[in-house]
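Thanks for taking a look at this one with me. Here are a few notes to help you find your way around.

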Amino acid sequence: MRIATVVLDIQTQALDAPYSYLVPDQEGEALPQALFTDADLGLGDPVLDELLAAGHTAQVGCAVLVPFGGRQAVGFVVELRDFARNGTGEWVSSEGAPLPADLDLAKLKPIDAVLSAPYFDENGAACALWMAHRYIAPLSSCVRLFAPPGCVPRMVNGRTGWRLEKPAVAPVDDRWVVAGPSLDQVRPRRGAVKQQAVLDAVRQGDVRLAELASEFGAVAAAVRALEEKEAVRVERRRRMRGMEPGQTAALAMDAPSSPRPCLTEGQRRALESIRAARAAEDGSVVLVDGVTGSGKTEVYLRAIEEALEQGRTAVVLVPEISLTPQTVARFRGRFGHTVAVLHSRMSQGERFDQWDFIRSGQARVVVGARSALFSPLANVGLIVIDEEHEGSYKQDSAPRYVARDVALWMARRNGSALVLGSATPSIESLHACKTDPRWTRVELPQRANGSPLPRIDVVDMAAEFGSGRRSMFSVELEKALREELSAGHKAVLLLNQRGFAKFLLCRDCGFVPECPQCSTSLTYHERGNFIICHHCGHTRPAPPVCPECSSPYLKKFGAGTQRVEDELAALVSTFPGPAGAAQIIRMDADTTSAKGSHQRLLEQFGRADAAVLLGTQMIAKGLDFKDVTLVGVINADTQLHLPDYRAAERTFDLIEQVAGRAGRAELPGRVIVQTYEAANPAIRAAATYDRDLFLGQELPKRRLLGYPPYVRLANVLVWGKEEEAVRTHAQDLAARLSQLVAQQGGEGWSCLPATPCVLAKLRGTYRWHVLVRCPARADVSQVLEPFFRQRPAHDRVNVAVDVDPVDLL
């Protein structure tokens with residue numbers, strides 16, 4: 001007898017536990033306990049018949065159809081256990097363990113159908129269960145991470161009741177016309193023009209049927225006639241979406257390897273440390289702490305080469321905004337078509353094709369954003385997380401996982417090595433290197449090509465304003481732009497926000513247009529003359545006069561990328577000679593929303609003789625252009641005064657990261673940082689590349705106020721449509737959690753009072769939160785998980801727990 005543990009694909013707190021089902025025998029015969037007839041099962045339904053025709057057997061990772069509460073549900077098998085009767089007639093497992101006391105065989109129901117091949121293995125199942133515990137997340141949402149996008153069948157409730165819906169995405173097969181054994185012998189009759197055209201095309205090589213139809217019109221009858229004469233054959237071949245037809249076939253072919261530069265002394269040390277970590281097979285971590293341009297990517301490539309030579313595979317995580325064509329080209333240039341790529345800019349079909357390519361075993365290196373960590377890559381020997389400090393490695397919806405911590409769990413379970421790389425490592429990682437013997441830090445203090453780091457000049461915009469200057473570009477930045485563009489060089493300007501101006505303000509009554517759904521002002525966009533909320537998308541025309549007092553004096557405050565682009569264009573047009581015709585290329589969430597626009601804009605910037613790339617945070621990293629000699633930060637204060645404990649760290653990181661875009665080759669670089677906080681420690685430290693100065697100011701504050709790395713946090717989020725219900729429930733939760741941590745937490749545990757979130761209203765919902773603190777090495781989930789699993793759901797208020805939050809906004 002085989003029993004399956006199944007996680008139902010139903011995201012509700014009431015069902016947040018796995019269920020046990022009997023597995024039919026090898027021949028697929030129904031067990032006597034089956035409660036459903038063929039009609040109940042939907043046999044005869046083409047959707048279910050198609051899924052059953054594949055003949056899948058129950059394995060860990062399969063999607064299955066199971067009876068549940070008078071209907072059927074889709075679930076995922078996370079464990080299989082075999083039981084047999086022993087000499088005394090008792091059921092025992094294959095390991096000799098007795099049948100669990102809470103398992104009543106008389107009440108067990110059988111699996112009705114196996115709907116898929118395995119999406120994940122035992123390691124994936126174990127990881128999903130671990131994540132559900134650590135992040136106090138719904139089991140189904142954790143298991144879903146390992147399933148292919150859009151390829152899981154689901155139950156939907158229609159007018160006729162519950163029915164099984166087939167996956168939205170499936171493999172795409174192209175029909176190809178290829179030469180048959182009688183190709184050279186067949187002579188079409190006179191007038192069979194299309195048959196002759198098909199024969200002529202096939203003699204040049206294999207051709208897609210769709211291409212023949214596009215060229216010659218309806219050719220189905222002609223191809224069928226030639227197929228009957230064995231002049232041609234029609235084959236079905238898998239097509240990888242997002243690739244040209246010829247590229248799909250090339251996936252199985254070797255590609256020429258890119259040149260391998262000589263390593264610096266720092267790179268050799270880093271590679272030796274990674275080699276030792278891999279040999280230890282205990283999940284050791286190597287933090288590659290290298291300045292921008294120090295050759296961290298080459299270290300990753302060499303380490304991956306060694307892992308592949310030993311028969312292992314590798315996963316490389318890159319922040320979504322850094323996953324540029326340049327980045328992917330580096331890996332494909334070294335490992336050819338054994339590289340799979342996964343990121344959110346792909347269509348669902350393209351992501352599925354890459355996922356399936358990985359599952360097939362042909363891919364040996366996976367490069368992608370955080371979700372690539374859950375791809376079905378077997379025998380992983382190395383996990384690399386580039387720009388490990390990036391906040392995008394934290395998922396902002398259930399399960400709210402931290403990719404670095406999940407990767408560490410995977411590495412320790414699989415005996416892999418974990419490599420973290422950054423020019424500005426997170427404070428938590430630096431702390432771990434000092435306190436955990438399995439963490440090693442390797443410094444790369446020099447650029448790989450020997451060029452110096454660019455000089456960073458800080459411009460005090462308050463002093464500029466005091467002297468009467470009203471331009472958003474300082475005298476120094478304007479002069480530098482003129483000089484570099486006149487020399488035919490390129491510049492990068494960073495503004496970490498989008499839109500034309502941050503907000504409108506009536507200078508008579510002080511009115512600021514706000515979003516009715518969110519507690520934030522609306523952002524003004526000049527092109528189209530509208531105001532929009534960048535949280536929920538609420539949009540309306542910009543008012544010509546103040547809606548409150550009818551004053552015409554509406555002032556545009558702040559500088560968005562549109563406004564900077566317009567003023568920059570006006571400034572550049574005054575430059576003499578070719579500099580006045582320099583291209584200005586804007587990259588932000590608005591200009592990169594269309595598919596392929598990210599790559600198109602970067603290619604446009606790369607081709608230009610003299611140009612300025614203006615953008616938001618997406619241009620701060622991952623770009624490597626040899627002729628960029630100037631970087632300007634329009635306003636370094638954007639994040640500095642956010643009410644969040646990481647604000648100073650993010651400001652320091654951003655300045656150092658964007659500074660690294662300048663002077664990466666023979667041409668020297670310079671960086672100009674404009675700020676109204678010229679004396680701020682984070683800005684002063686970044687301007688001198690002095691991390692010790694920054695940490696000397698930051699760490700004592702965090703220790704005193706009780707923030708990571710000295711404690712762990714759990715942020716309990718409470719939200720709903722009714723403000724009073726949210727407030728009351730949050731305050732009640734805070735009181736009960738305070739009592740819980742006092743009884744079970746021990747020393748170093750505390751619960752802060754419930755307070756409104758910084759964005760107290762978002763998309764029409766009111767938001768409060770409760771913060772729980774515990775010692776850095778404590779298991780916060782051990783105390784909180786039982787409480788939240790057993791907590792009855794509220795009909796008007798939602799609650800979620802964010803364990804190890806990266807911000808408290």
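1. Let's begin with strand 19 and strand 29 (residues 670–675): the two run parallel, joined by six bridges. If you want one pair to locate by eye, try Asp457, whose bridge partner in strand 29 is Ile672. Do keep in mind that this is a predicted model.

2. Zooming out, these strands belong to an open sheet of six strands, paired in parallel and ordered 19-29-28-20-27-26. At the edges sit strand 19 (455–460) and strand 26 (583–587), each of which pairs on one side only. From one strand to the next, the twist averages 15°.

3. Helices pack on this sheet too. Helix 16 (residues 475–486) touches strand 19, strand 20 (490–494), strand 27 (611–615), strand 28 (628–633) and strand 29. The direction of helix 16 makes about 155° with that of strand 29.

4. Helix 17 (residues 561–572) also packs on the sheet, where strand 20, strand 26 and strand 27 are touched. Its direction makes about 170° with that of strand 26.

5. Now for another part of the chain: which residues of helix 5 (residues 193–203) are buried? They are Gln195, Ala197, Val198, Leu199 and Val202. In general, residues three or four places apart on an α-helix point the same way, because there are 3.6 residues a turn.

6. What do the buried residues of helix 5 pack against? Their partners are strand 9 (172–179), strand 10 (207–208), helix 6 (209–216), helix 7 (220–228) and strand 11 (232–239). After helix 5 comes Gly205, with a positive phi near 140°.

Methods. Residues are numbered from 1 along each chain as its sequence is written. This is a predicted model: local features need pLDDT of at least 70, side-chain atom pairs count only at pLDDT 80 or more; totals for chains, interfaces and linings use all residues. Side-chain values use heavy atoms; hydrogens and water are left out. Buried means under 20% relative accessible area, exposed over 50%, partly exposed in between (1.4 Å probe, protein chains only). Helices (H or I, at least four residues) and strands (E, at least two) are DSSP runs, numbered from the N terminus. Contact means heavy atoms within 4.5 Å. Two strands pair if DSSP finds at least two bridges between them. Axes are lines fitted to C-alpha atoms, for helices over the stretch in contact, and angles run from 0 to 180 degrees between N-to-C directions.
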